[in-house]
Amino acid sequence: MSVAIVTGSAGLGGSEAARHFAGLGMQVVGIDNDMRRRLFGADASTRWQIKSLQRDLGHAYRHLDADVRDVAAIAQIFREYGRDIALVIHAAAQPSHDWAARRPRMDFAINAQGTLNMLEATRRRAPDAAFIFTST
């Protein structure tokens with residue numbers, strides 16, 4: 001079965017991508033660690049969306065609580081699915097420009113280093129996969 005890796009799977013774009021590709025018959029592996037809660041407080045939590053995806057998509061969706069900054073965690077996910085990965089949609093990000101101005105190093109780590117980690121994992125383990133970057 002073709003696998004779609006979706007980072008930021010509990011966010012607006014990521015959750016819609018997860019639903020779309022599961023609807024096309026792909027196995028979706030969602031990566032989301034509810035960073036919004038840590039960055040913006042309890043009201044910004046995306047846990048409700050994770051539960052909704054699990055309920056609505058059933059076995060077509062597997063949620064992984066991982067951080068795109070964690071090279072070892074991302075490498076393990078890509079080792080597990082390897083060449084079954086047909087698509088990577090990278091939608092994980094720290095989205096606030098105001099927040100970024102206050103915490104530029106953390107913003108860079110999430111947005112730039114996280115993207116590099118995803119690109120490298122794709123290059124090493126799923127070189128034939130399409131990579132779609134749809135983030136801030």
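Me: What follows helix 1, and what is its phi?
Reply: Glycine 25 follows helix 1, with a positive phi near 95 degrees. This is a predicted model, where local features need pLDDT of at least 70, side-chain atom pairs count only at pLDDT 80 or more, and totals for chains, interfaces and linings use all residues. Residues are numbered from 1 along each chain as its sequence is written, and side-chain values use heavy atoms, with hydrogens and water left out.

Me: Why is it called helix 1?
Reply: Helices are DSSP runs of H or I with at least four residues, strands are runs of E with at least two, and both are numbered from the N terminus. Helix 1 spans residues 12-23, which is 12 residues. The protein chain has six helices and five strands.

Me: What makes the reach of helix 1 close to the expected one?
Reply: The expected span is 1.5 Å times one less than the number of residues. That gives 16 Å, and helix 1 reaches 17 Å from first C-alpha to last.

Me: Which residues of helix 1 are called buried?
Reply: Buried means under 20% relative accessible area, exposed over 50%, partly exposed in between (1.4 Å probe, protein chains only). Gly14, Ser15, Ala17, Ala18, Phe21 and Ala22 are buried.

Me: Why are these buried residues placed on the same side of helix 1?
Reply: Because their arc around the axis is only 160 degrees. The arc is taken from the directions from the helix axis to the C-beta atoms. On the other side, Leu12 and Gly23 are exposed.

Me: What covers the buried residues of helix 1?
Reply: The cover includes strand 1 (3-7), strand 2 (27-31), helix 3 (47-57), strand 3 (61-64) and strand 4 (85-90). Contact means heavy atoms within 4.5 Å.
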